[in-house]
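Got a model open and want to know how its parts fit together? Here's a quick round of questions and answers to go with it.

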Amino acid sequence: NEGRLWGENTDGKGYLTSLRNENIDIGGKHVTILGAGGASRAISIECALAGAKKITIANIVRDQGEELVDLINKRTDAQAEFVFWEGPFEVPADTDIFSNATSVGLFPDTDQKPNVNYETVKANMVVTDVIFNDPNSLFLQEAAKRGAKTINGLGMLVNQAAMNFTLWTGEEAPVELMTETLRKEFNL
């Protein structure tokens, strides 16, 4: 850009756009995220910057989770906390948005789901998954059984790809065409 190198991460922004497309406002919400890797990092930072009140990060690697929580607490107004994830994860009762930002359930391992006590998923929660193949992951199926609103990873995928298209070309992305193409690919 004007002779200077610059980078952008669109995963978190794509995630937020997928929530907004479902009329879900992140402001003042408690967001609980499984994982502390790249997807979780992008999502949690964007949620904090968008006004989430509290962010809980659950991870099986303590150092990675604690480092992400420290970053959120130092650089944003959100209150972040780390939960060491060993055994079935108990979703905090005050969670508004619960997200799987791990690779558990991603093709070819579509017969797997995160180790969660699914009885702690409540009907008033919005449950999201970054997994897009299978878009109807076992994680989302378990949440839907409990009455939670579910959002699969296709919206995040399309929205972050559209943002990248615009960044690379300077032109508006054909979001509707991109969405329709993915729906056909996944027989939705």
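Q: Which way do α5 and α6 cross, left-handed or right-handed?
A: Keep in mind that this is a predicted model. The two helices to look at are α5, residues 154-169, and α6, residues 175-185. Their crossing is right-handed.

Q: Are α5 and α6 parallel or oblique to each other?
A: The axes of α5 and α6 come within 10 Å and cross at roughly 140°. Angles over 145 degrees would count as roughly antiparallel. The α5 and α6 pair is therefore oblique.

Q: Which residues of α6 meet α5?
A: Start on the α5 side, where L154, L157, V158, A161 and A162 make the contact. Their partners in α6 are V175, M178, T179 and L182.

Q: Is P174 buried, partly exposed or exposed?
A: P174 is found in the loop between α5 and α6. Its relative accessibility is 36%, and partly exposed covers the range between 20% and 50%. So P174 counts as partly exposed.

Q: How far apart are the C-alpha atoms of P174 and E90?
A: Along the chain, P174 and E90 are 84 residues apart. In space, their C-alpha atoms are separated by 40 Å.

Q: What covers the buried residues of α1?
A: In α1, residues 11-21, the buried ones are G12, G14, Y15, L16, S18 and L19. Helices and strands both help to cover them. The cover includes α2, α5, β4, β5 and β6.

Q: Are α1 and α2 parallel or oblique to each other?
A: α1 and α2 pack with their axes 7 Å apart, at an angle of about 60°. That angle makes α1 oblique to α2.

Q: Which residues of α2 meet α1?
A: α1 passes α2 in a right-handed crossing. From α1, the residues involved are D11, G12, K13, Y15 and L16. On the α2 side they meet A42, I43, E46 and C47.

Q: Are α2 and α3 parallel or oblique to each other?
A: The axes of α2 and α3 (residues 62-75) come within 10 Å and cross at roughly 20°. Angles under 35 degrees count as roughly parallel, so α2 and α3 are roughly parallel to each other.

Q: Which residues of α3 make the contact with α2?
A: The crossing of α2 and α3 is right-handed. α2 brings S40, R41, S44, I45 and A48 to the contact. From α3 come E67, L68, L71 and I72.

Q: Is K54 buried or exposed?
A: K54 has its place in strand β2, residues 54-59. Leaving out residues up to four places away in sequence, K54 touches K29, H30, V31, Q79, E81 and D94. Its relative accessible area is 17%, and under 20% is the mark for this class, so K54 is buried.

Q: Is the W85 and F89 pair stacked or edge-to-face?
A: A search of the whole structure finds four aromatic pairs. In the W85 and F89 pair, the ring centres are 6.4 Å apart and the planes sit at 65°, so the pair is edge-to-face.

Q: Which residues do ring pairs link into a cluster?
A: W85 and F89 are both buried, and both belong to the cluster. The linked residues are W85, F89, F98, Y118 and F139.

Q: Which ring does the charged end of R62 sit over?
A: The charged end of R62 is 4.4 Å from the centre of the ring in question. That ring belongs to F84.

Definitions and conventions: Residues numbered from 1 in each chain as written. Predicted model: local features only at pLDDT ≥ 70, side-chain atom pairs only at ≥ 80, totals over all residues. Heavy atoms only, no water. Phe/Tyr/Trp six-rings, centres within 6.5 Å; stacked < 30°, edge-to-face > 60°. Buried < 20%, exposed > 50% of the residue type's maximum accessible area, 1.4 Å probe, protein only. Lys NZ or Arg CZ within 6 Å of the ring centre and 35° of its normal. Axes fitted to C-alpha atoms, helices over the stretch in contact; angles between N-to-C directions. Helix = DSSP H or I, 4+ residues; strand = E, 2+ residues; numbered from the N terminus. Parallel < 35°, antiparallel > 145°, perpendicular 65-115°, else oblique. Left-handed = near helix turned anticlockwise from the far one by under 90°. Contact = heavy atoms within 4.5 Å.
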